[in-house]
Amino acid sequence: MSVKETVNDFIQGVKAGKYEVVASTVGNFSGQPEFTFTVNVTKDFELLERLKEELNELWEKRQRLDKFMSKNVFADLSHEERYAMLRQREGMTDYMAALYKRIELIKERMK
């Protein structure tokens, strides 16, 4: 990665809330400006990434459940088993909605 790309990546990371600049210095090295930054990866960014991953994993699981429920095997299950699976799907959908809301709230806080 070139210096320009590295700097642009850093600037975008700061703007997105990925990095928090906790210290900086400006100096001169062989007549060229030299900048040093100390950064922390923000807790909100780390949490946001974990929640996105959890949401994606849950979405994939619900997709697999939906696929199973669309097959004849599902129709052959007892009423109680079908009902339990439908409730499982509803629970997954509610959980996904809660994760999505948390993600949106964190994004708002990071602006």
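Start by selecting arginine 87: in this predicted model it is partly exposed, with a relative accessible area of 45%. Now add glutamate 90, which also counts as partly exposed, at 43% relative accessibility. Their side chains meet in a salt bridge, 3.3 Å from N to O. Both sit in helix H4 (residues 79-110), and because they are 3 residues apart, about one helical turn separates them.

Stay on helix H4 and pick glutamate 104 and lysine 107. Here's another salt bridge, at 3.9 Å from N to O. These two are again 3 residues apart, so about one helical turn lies between them. Glutamate 104 is partly exposed at 29%, and lysine 107 is partly exposed at 36%.

Next, jump to helix H2 (residues 43-69) and select arginine 62. Is arginine 62 buried or exposed? It's buried, because its relative accessible area is 14% and the cut-off for buried is under 20%. Show its side chain and look for aspartate 66: the two meet in a salt bridge of 3.9 Å, N to O. Aspartate 66 itself is partly exposed, at 22%. Add Arg89 and you'll have a network of salt bridges linking Arg62, Asp66 and Arg89.

Keep arginine 62 selected and bring up threonine 93, whose side chain makes a polar contact of 3.0 Å with that of arginine 62. Other contacts of arginine 62 include Met92 and Met96.

Last stop: the rings. The whole structure has 1 aromatic pair. Select phenylalanine 68 and phenylalanine 74: their ring centres are 6.5 Å apart and their planes are at 80°, so the pair is edge-to-face. Phenylalanine 68 is partly exposed at 28%, while phenylalanine 74 is buried at 11%.

Terms used:
Residues numbered from 1 in each chain as written. Predicted model: local features only at pLDDT ≥ 70, side-chain atom pairs only at ≥ 80, totals over all residues. Heavy atoms only, no water. Helix = DSSP H or I, 4+ residues; strand = E, 2+ residues; numbered from the N terminus. Buried < 20%, exposed > 50% of the residue type's maximum accessible area, 1.4 Å probe, protein only. Polar contact = N/O pair within 3.5 Å; in protein donor to acceptor, adjacent residues only side chain to side chain. Contact = heavy atoms within 4.5 Å. Phe/Tyr/Trp six-rings, centres within 6.5 Å; stacked < 30°, edge-to-face > 60°. Salt bridge = Lys/Arg side-chain N within 4 Å of Asp/Glu carboxyl O. Lists of a residue's contacts leave out its neighbours within four places in sequence.
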